Structures are given as C-alpha cells and as structure tokens.
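Biologist: I am new to this structure and would like a close look at a single part of it, namely chain B. Could you take me through that chain slowly, and bring in its partner where that helps?

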Amino acid sequence: MLLLWLLIIPFIGGLLCWCAERLGPAIPRFIALITTSLVFCVSILLFVRGHYHLQTIGDYPRWAMAVTLPWVPRLGITFSLAVDGLSLLMVGLTGFVGVFAVLCSWREVTQRVGFFHLNLMWIIGAVCGVFLAVDLFLFFSFWEVMLVPMFFLIALWGHDSPYKTRVQAATKFFIYTQASGLLMLLAILGLVYVHYTQTHEITFNYMQLWGTEMSPALSMILMLGFFVAFAVKLPVVPLHGWLPDAHGQAPTAGSVDLAGILIKTAAYGLLRFALPLFPAASAQFAPIAMIFGVVSIYYGAIIAFSQTDIKRLVACSSISHMGFGLVGIYAGSHLALQGVVVMMVAHAFSAAGLFIVCGQIYERTHTRDMRQMSGLFGRVGSMSGYSLILLMASCGVPGTGNFVGEFMILFGSFSEAPWIVICAAGGLLFSAIYSLIILQRIYFGKPVSNAPLRRLSPREGGMLLLLVMLLFLVGLYPHTVMELSSQPMAEVSHWFSHTRVMP
Amino acid sequence: MLAFILLFPLVGALLLMIFRHMPRALAGVIGVGSVTLAAVMVAVVDVCWLFHSQGAGWSQTLWTWMADTMPLIGGKGASFFIPFVLRLDGLSLTMVSVITGVGALIHLFAAWYMLEDRKANPGYLFTRFFACMNLFVFAMLLLVLGGNMLVMFFGWEGVGVCSYLLIGYYHRDAMKTWAAFKAFIMTRLGDIFLAVAMFMIFCALGTLDMGEIPLRAAEVWHKHDVMVEVIALLILGGAVGKSAQLPLQTWLADAMAGPTPVSALIHAATMVTAGVYLIARLHGLYLLAPFALNMVGVVGAVTLVMAGFIALAQRDIKRILAYSTMSQLGYMFVALGCGAWRAALFHLMTHAFFKALLFLASGSVIVACHHEQDITQMGGLAKRLRLPWASFMIGGASLAALPVVTAGFYSKDAILWQSFASGHYGLWAAGLVGAFLTGLYTARLIILVFYGRPAHSSHPVEVPSGWMHHFPLVCLCILATGIGALIHPPVEKVLPAVILQSWPEAVELLHMVVASCVGLAGIGVALLLFSGERRLIKAVVRTRPGRAVWTFLSHACGFDALYDRLFVRSFLFITLPHCPQWFKDWLAKWRGGALAWPHRGHRADWIDLAMDFLPAVTRLGSRTLSRTQNGLLRHYAVFFLAGAACILLILTLG
C-alpha cells in the first residue's frame, strides 16, 4: 500500500496546488513542499520496512514489496508495482530532487503558481510510477505521462532566447521523446505477441514475459526498440539534440528535474528492462553500445566547451557524464553497475546543484551568456565557493561522489573492454576543460562592475550546502548507496554475464 | 595518531573556509598554527622512530572507502576492496617531515608576505589563501601517507586542485587564472595515464595496496614483461605531469603566477616532487621493467639539461627558479633511472630546503622592489637587503653544489657518483653538463640581482623586517648548509641500495673533485660573462645567431608554441563554430526561404544541425503544398482536369 501512496500523494498534491492558487501564491508552494517531502518520507519508510541487503541470486528479481491490482483483465494488463533496492534509491532521489525543484523556484516563478506546481508534482508522480511499475503497459503509460507536464513546464515558464523560443524547445523535446516512446511501444507489443504465440496467454507482466524464447534476430530488434527509447532519454549522442535546447529554455525547476531524475529513468530502464529481458541480444550489442557511450563522452564534452549559455553548457556536460553510465551498464560487471548507480546519485546532486547555481546567477545578473559576466568571484559571497566544489565534482575530483562512480565504472569495465575504458578515461581531460572553463569565464577575470550583488539567502545557501555535503558523503562513504543497489545489480550482472558465457 | 597529522591542516582549512571574514591576525594564527601543530606532531613521530625504529612501518585503516563483494567477471576472483588506509614507513616519514617542516616555515613566511602583498594587491581574501594552503598540506600528506593507490590518487588530485586555486589566487587577472588552468589541465593529462595504470594493475594483480603490488607483481610478471613495462611507462606519464618533466613541463614556469610562498611550497618543495615519490614508492614495479626505468633516467637527463639552458635566458627571477626546479627534478629522475632510489630521496630533501629558501628570499626581494620581478631592473641590492642576500648566497651555493659546505653538494654528488658507478655514463654526462649549467645560471641570477649598478633608483628599496620574515629564512639557511646534509632519510628498509660496480676509493674521490670543479667552472664562467659591463654577452646576443639562440631559449625551446599549434588550436578549431565559405553561401541563399535553417544556437553541434534537416524539409513540403491551396478556381480546375487526364491515361494504358 505504501507503493500506491507514492503515486497518490504527488497526483493529489498537484491538484491541491492548482486549487489553492486562488488563496495566494504562497499556499501552492507550501503544499508542493509538503507533498515532495512526503514522497521522500514514504521512500524512507519503505527503506525502513523492507530488506534490501544482498541475498542469493535467483532467476527472478527479488522484490522487497509488491502490489498488484487488476486494470484491464481482458488484455492481461495489471496495475502492478514493486520495489527493490534500485527502484527505492531512485524513488528516494525523486522525492529529494523534487524538494529542491520546489525550493529553487520559490521566487523564480510568479505566474500561474498553482498550475506550475501541478505540473511539477505530476512529473514527480509519473517518475515514481516509472520507477515502480513492473507491468510493461503501466510502465509505458507512466513513461508517456511524464512528458506532458514537462512540456508545459518548458513551454509556459521557460525562457526565450534570441534564436529559439521556449515553445520550439518544448516541441522538440516532446517530438524526440514521443517518437522514441512509440518505438518502445512497438517493442513491448512485439514481445507480448511473441509470448502469446508460445503460451496463448496475453500478459504485460514483467515477470511472466521474463525469459520468452525467441530468435536472436527478433530479440535484437525488440531490444533495439527499448534501447532507442532509453537512448533518446539518456541521451546518447546522435539522439541528444533535444537536451541542450530543453535545458537552455526550461525554468530552473524544470532543469533540476530533468537532469536530476528524468534522464535517470533512461538508465533505470536499461537496467530494469533492456538488459534483463534480452540478455543475449544486449550482450551482443554491448560493444556497440559502449562505443556510443565513448562517443557521447567526447562529443558531449566538446560541445559543452563551445557553449556560451551557461545552462546549455551544464546540459551538455550531462551528455558526457551519461556516456560513462552507458559504458558501465553495458560492461555488465557488478562493480561497474554499482559504479553506475553511485554515479547516477552523485550526478543528480551535482547537476541539480549546478542548475540551481545557474538559476541564482541569472537572478542576479539577468543574463546567462557567459561572455557578459566575468569576475563574479568575490562579488557573490559563498556562491562562488559552492560552484567551485560542484564543478570539481563535475570533473570527478576525488572526495566527491562523481569520482567514486566514474572510477568504479572504469575499474569494473576494464577487464571487459580495456580499450573502451582507456578511451573513456581520456574523456576525463575534456571534462576538466569544460568544468574549469565555467570558472574561467564567469568567476575569474576582470569584474564587469564592482557593485556587490545580492548574497545568498538562507534558503539558497542551505540548498547548496546540503547538496555539497551529500556529494562529499557519497564520495567518502558510498556504502549506503551501494548496499541498497547491491542485490538488483548482482541480479542484472548475473543474467547478463551468464548469457555472455553461454554462446 | 597518523590521522591527527592529517586532521590539523584539514580542520584549519575548513575553519578558514567557513569563517571567511575573520580578522586577519586570527586567520594567520589558524593558518600557520595548524601546519605548525602538524609539524610538531611529526617531530614527535620522528623522535619515536629514531628510538624504536619500526622497520617496515605501520598502517592505520580509517574506514572502508569502496568495496564490492562480488568478484569481477574476468578478474580472477579478486574483489574490489579499497580501505581508506594510511601507511607510515621510512619513505613516507621522510616526505611527511619535509612537507610539514618546510611547510610550516613557508606558512610563517607567507603570513608576512601576504600582509605586504595586500598593499600591492588589495581586495583579495586573506583567509582564502591560507585555506587553500592548509588544504594543500592536507592533500599532500594524504598523497604520501596513502596506503593504497586510490588513496594516494585522492591526494594526488587534491594537490592539483589546490595548486590550481593558488596559482589563480589573483583571480581578477585573467592571465594568472589561465596559467592556473594550464597547470591543472596538463597535470590532469598525466593523472589520466596514472589512472589507466591503476586500472591495469588492478586488473592484473587484483590489488591496489602499495605494499602488496610489488609482491604480487613479482609473482605474476617476469622481468621485461610487456605488461609491466607498459604500466611502468604509464606511471611515468603521471609522474612527469606532476613533476614537470619533458614532455609535460610547460606548466611549471607559468605557475609562477601565484604568490611567491605558493611557488616555494607547491612548485619547489613538495607537490612537484610527488612524481619522484611515486616512482620511488613503486620501485618494485620498475625493477621488473628495465626499459621503463631507463626511460625515467632519459626523461630526467633531457629535462635537466634543457631546463638548465632555458634558465640561462630568462629574466623573471621566479621563472629562473622555476626552470632550476625543473632541472633539479631532472636530477632526481636521473637518480631514479639509475636505481639510486636513496640518492633521489636525499636530493629531494636537500632540494626542498635550498629551493624553498631561494623562493622565499626571492619573495622578499620582490616585495622590497615593489613587485618588480625582472632581474635586469634590479642590481646592487646586496648592501641594502642583507638577509635576502645572505639567503641567496647560501641557497645558491647549495643549488650550485659548492663543495663540502652545502647540502646540495652531498646529494648531487651522490647522484652523480652513483650514476657513474652503476654504469649509466650517458646520464652521468648529462648530470655533469647540468652541474655546469646550474653554476652558470645561479651565479648569473645572483650577480644581476645583488651586484652591479642599480638599474633604477626611482623606487627606494623597502627593507623587509619582522620575525615572521627573518625566522623562516634563517632556519632554511641553516638547513641548506652542510648541516642539512647530516639528516639522512630513514629509507634503508624501504628502498634497496643501488648496485654499483666496484671502483677503488680513489676514483670516487677523484670523481668528487671533478664534479665540483665542473660546478665551480660554471660559476667562474658566469663571473666572467655577467659581471661588470657584460660586453661579451651583449655582443654575442647582438649577432644574428646569438639572437636566435636567445629567443629560442627564452621561449622555453618553443614547446609552448608547439603545443599551442598542435593541441590548443586544433581543439578550438573543432569546438568553435567554423564553417566553410560555400556552406555559409548556401545557408545565405536559403535563409528566409522555405528551407531556412534555424539560427545556429547550436555552437558546433553538427549532429544536431544535421537533425534539423528533417523539420526543414517538413517545412518546405508544407509551404509547397499550402501554395496549392490558394482559393483560385482556375487553378483548382486545372488541377482537376490534369488529375482526371492522368487517371484516364493510366486506365487506358493499364
């Protein structure tokens, strides 16, 4: 029942926000804050109630908690949710990042406050649904539901830039993800049909579709359907075009959500569906996927360097970071997969922090063009220190969670694909270049003016402090994260490597 | 116990970072005090060590940093287990003593220097400087105390970050922050080599523990194994980045943009020696990889000669010292390349003394001359700046290895003799050339700064005063003399002795005399060339080849220009949006038309630009078709008739 609450709270909370708009702009904000905090509390409760430590690895994933309600019995569609360590971690992260998304738009959003928070809450609800659903149709529904509020968030509260309006960016985002979502729907239907021809039973249940026998070619095609959908969302390089535009035009809260949790759904999808459902095809595809990962690392880093808009720069850096994730996922060893999880958590903190900083800079300088701001160091108080730490995290300096994640991925993948790892490690140089170039361009150099800018308010400073402390915590003591995800990652690694040995 | 040594600088740094606007006096007390406390603690450990002499040393595990219980698929059953472990043995004790001892003196001097510096550069945070310095000491201690490679790497990257922050301390000067950027990126390149070496070591040996690596390596690999050679070369790549050796040396001279105490601490005494420490620490691997070990020596030899030549043609007092540091690090690499690990460590220690002394003294000269750094603008300072002059004389004598009385003589002689006696004649010859050059550029520096006619008298020289200025200089002066050479690093149980051919005692003595004569000859030639009116050298530089050589050397043999062409410009070429002219024309032709490309906000994202082709085509199709929907009955009739005719035609033909 707790699992259902995770969905009910944000959807109801969102409606309440909308209704409460007529009572004044502050009320929806507080309702949204309470809602996201509740989501986070429920995930803590789940953590306390369930058993997530490493046990024996069976043929099926070991759920800590599951709930199934009938939905469309004729087509074998059920409303089934389940949670294991990985989904718990992701749901907790969703609640946590949600709180930050609400807090960072506290003063930024002044128009249609209620509807804004409705969208924000529904994104969080839908993302929770994606992380919990174990019925493929349900998963697909949440996957699509997630897009609509995000579209509105960008289109209604975004920023226009001289060469791209927010509506264009929102449309681009929607078309990219919608089109790739359709491919996933086709793949899901194909899988269900194959299962039907064998057992004469229509079902969308994840556990029942498990291990469906099919020809290698067909399984490769179906796997690619899933892969493309997730690759657009991750994003992987040839399909990344929507991301810089969406981030560049989105409001701060939208960017925080997008970078913090939305793109994590793709990595989650790969780990939950693409790899376990099609282990053989995935293993066969692994080298190509890893090459895509390396290309993403370099391409993301290079286009990040060339941006002049600070938010687009941070957005492009996520492409580079997620490239490491892709390499780790398809390396498939337990160590690498654990590294991917740690990296996702750390990246959620560091990217959310950087986008919050971007928002705060914009509130002070009223521009996001890095050419027009220089010498901010010493003018914005402690913000420069926080951004320094966040940027160091982004280029993977030890002590921060990103280092632990990236190095565990690289250590774990080296025995599988040494050359890929060597190439990926070269990307660390470029990540240093684009991270330092931010410092160089906006913080250092001759100040544009000597007028002091507004210092961080306790709300703004508190957010950054908490994120920075969490980054250090993950960087120095990553066990809490690793223990939670150990069981599911062991399972994925087991199925993945098992098939690899067989052929 | 060990953790406490680390804790003092860390707590100091955190306090200074959190309370950024504390009074300056308090900031000084915290900044200097934390390192001094650490130094006192280390002194206690040193004394304990002397009396108990715990042979192999001891280690302390703080917590498990990263651990993964599942064995790797191809990893031969090894699991990933990285404890946060500190390990103290003779080698790390030597390093720790140098870092905290010399570090505390430099911090004390820095408290004086930064107060003076505020007059010239107002508006920079005093606490930020000491916070970064303390954090640096913490990271450097972690580097040398790290009991496994990943903990060591933590410190390794940490010192890089602190070095970046301190070089770019004057953040309003874009040139200085670019120098910091360059230093970080170039050392980061080396770090990547080191990281790849770690991956390979873990993959092959299943451990990253410093103590276990050599043992397992000896089991897994035989001598000359390709794998171990590659790993050793990659580690060398990391070491040359940090220690500014060829080919990653160009950042060190630019790193002088930071405040002078920073150069003394980071770019002379401690951080740049990290590469030497790393190779000495992993000497077990290098003993299995003779080719890589040879390369260590060759890199060192080439760097030491080249840096010596470049130092001759510099005018900035700090850059001369920077190239001299590079050259002295080259000596240490030569020693490592000969397998003379102990001599390398010995030279590391004495070099820390005399080079820190030289940098601090140059700091006080710079302050006295109102932040003038060009030595041709100085001159005749000997009488007015007594203590800096004395420091320069002692430090310079030690650098040029003046026989018997200086610390540098003993360590450099050890390196030269051991390279000769172990049969590395090439490296030995390079060392001798370097010794000559060292004497030459050191004497040139001292003559130009302290003797001769004052270049200009418009600015009266400000004589530095205060015990915070005097005490560190005097202490380092004492250490830079033969007294410093009495301290022998307790590394006998960690580092093996070098294998020497048996030469009679007389040859060793003769060699000592020859080597010191070479150094003295350098000083003598400098006296001839640079004292007085410098007619000869001026005449040579005026000739065409003389000018060419001068330009070549003063531009550091053109490495900066080469790297700029090869890497920087090519990187900028692919990142910044350059498009060929025909493409621009083509765009201009279609701009405003149906196939209008969206304005290029993409900035070099060519894939996304290509993706925009699809909407552009769609738009074109939409315009074309909507043009048919024009409401003119004539057109509809024509289309109707044409369509009907086509269908009839198809029907009759079909």
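Modeller: What follows goes from chain B as a whole to its core, its contact with chain A, some single residues, and then a few parts of chain A for comparison of detail.

This is a predicted model, and the predictor gives the complex an ipTM of 0.91 and a pTM of 0.91. Chain B has an average pLDDT of 85, with 93% of the residues scoring at least 70. Within chain B, confidence is highest in helix 5 of chain B, at 93, and lowest in helix 25 (residues 581-590) of chain B, where the mean is 62. Over residues 591-601 of chain B the pLDDT stays under 50, and for this stretch the model has 19 contacts beyond four places in sequence. Where pLDDT is low, the predicted coordinates should not be read in detail.

As for its general build, chain B contains 28 helices and two strands, and its C-alpha trace spans about 115 × 70 × 55 Å along its principal axes. Of the 654 residues of chain B, 53% count as buried. Among the contacts in chain B with a separation of 6 or more, 81% are between residues 24 or more positions apart.

The largest nonpolar core has 435 residues, and those with the most contacts inside it are Ala356(B) and Leu357(B). Helix 6 (residues 174-205) of chain B gives the largest share of this core, 21 residues. If residues up to four places away in sequence are not counted, Leu357(B) touches Ser391(B), Ile394(B), Gly395(B), Leu473(B), Leu476(B), Cys477(B) and Ala480(B).

Turning to the partner, the contact between the chains takes 43 residues from chain B and 50 residues from chain A. On the side of chain B that touches chain A, at least two residues each are supplied by strand 1 (58-68), helix 5 (149-167), helix 6, helix 24 (559-575) and helix 26 (606-611) of chain B. Helix 6 of chain B, already met in the core, provides the largest share of that side, 13 residues. By class, the side of chain B that touches chain A is made up of 27 nonpolar, nine polar and seven charged residues.

Some single residues of chain B can now be placed. Cys132(B) lies in helix 4 (residues 126-145) of chain B, and it counts as buried because it has 25 C-beta neighbours inside 10 Å. Leaving aside its neighbours within four places in sequence, Cys132(B) is in contact with Cys162(B), Leu165(B) and Leu166(B). Cys132(B) and Val262(B) are 130 residues apart in sequence, while their C-alpha atoms are 9.9 Å apart in space.

Ile213(B), found in helix 7 (residues 212-220) of chain B, is also buried, with 21 other C-beta atoms within 10 Å. Its contacts, again leaving aside neighbours within four places in sequence, are with Ile201(B), Leu205(B), Thr207(B), Leu282(B), Gly284(B) and Leu285(B). From Ile213(B) to Ile201(B) there are 12 residues in sequence and 8.0 Å in space, C-alpha to C-alpha.

Two loops of chain B have backbone details worth pointing out. In the loop between helix 8 (226-242) and helix 9 (251-254) of chain B sits Pro247(B), which is joined to Leu246(B) by a cis peptide bond with omega of about 0°. Ala556(B), in the loop between helix 23 (544-554) and helix 24 of chain B, has a positive phi near 55° although this residue is not a glycine. Ala556(B) is buried, since 24 other C-beta atoms lie within 10 Å.

Chain A offers details of a similar kind. The peptide bond from Leu234(A) to Pro235(A) is cis, with omega near -10°, and Pro235(A) is found in the loop between helix 9 (216-233) and helix 10 (242-249) of chain A. His366(A) is not a glycine, yet it has a positive phi of about 60°; with 9 C-beta neighbours inside 10 Å, His366(A) counts as exposed.

Technical notes: Residues are numbered from 1 along each chain as its sequence is written. Chains are lettered from A and ligands numbered from 1 in the order in which they are written. This is a predicted model: local features need pLDDT of at least 70, side-chain atom pairs count only at pLDDT 80 or more; totals for chains, interfaces and linings use all residues. A nonpolar core is a set of buried Ala, Val, Leu, Ile, Met, Phe, Trp, Tyr and Cys residues joined through C-beta atoms within 7 Å. A residue is buried if 20 or more other C-beta atoms lie within 10 Å of its own, exposed if 12 or fewer, and partly exposed in between; C-beta atoms are placed from the backbone. Helices (H or I, at least four residues) and strands (E, at least two) are DSSP runs, numbered from the N terminus. Two residues are in contact if their C-beta atoms, placed from the backbone, lie within 7 Å. Ala, Val, Leu, Ile, Met, Phe, Trp, Tyr, Cys and Pro count as nonpolar, Asp, Glu, Lys and Arg as charged, and the others, Gly among them, as polar. pLDDT is the predictor's confidence in each residue, from 0 to 100.
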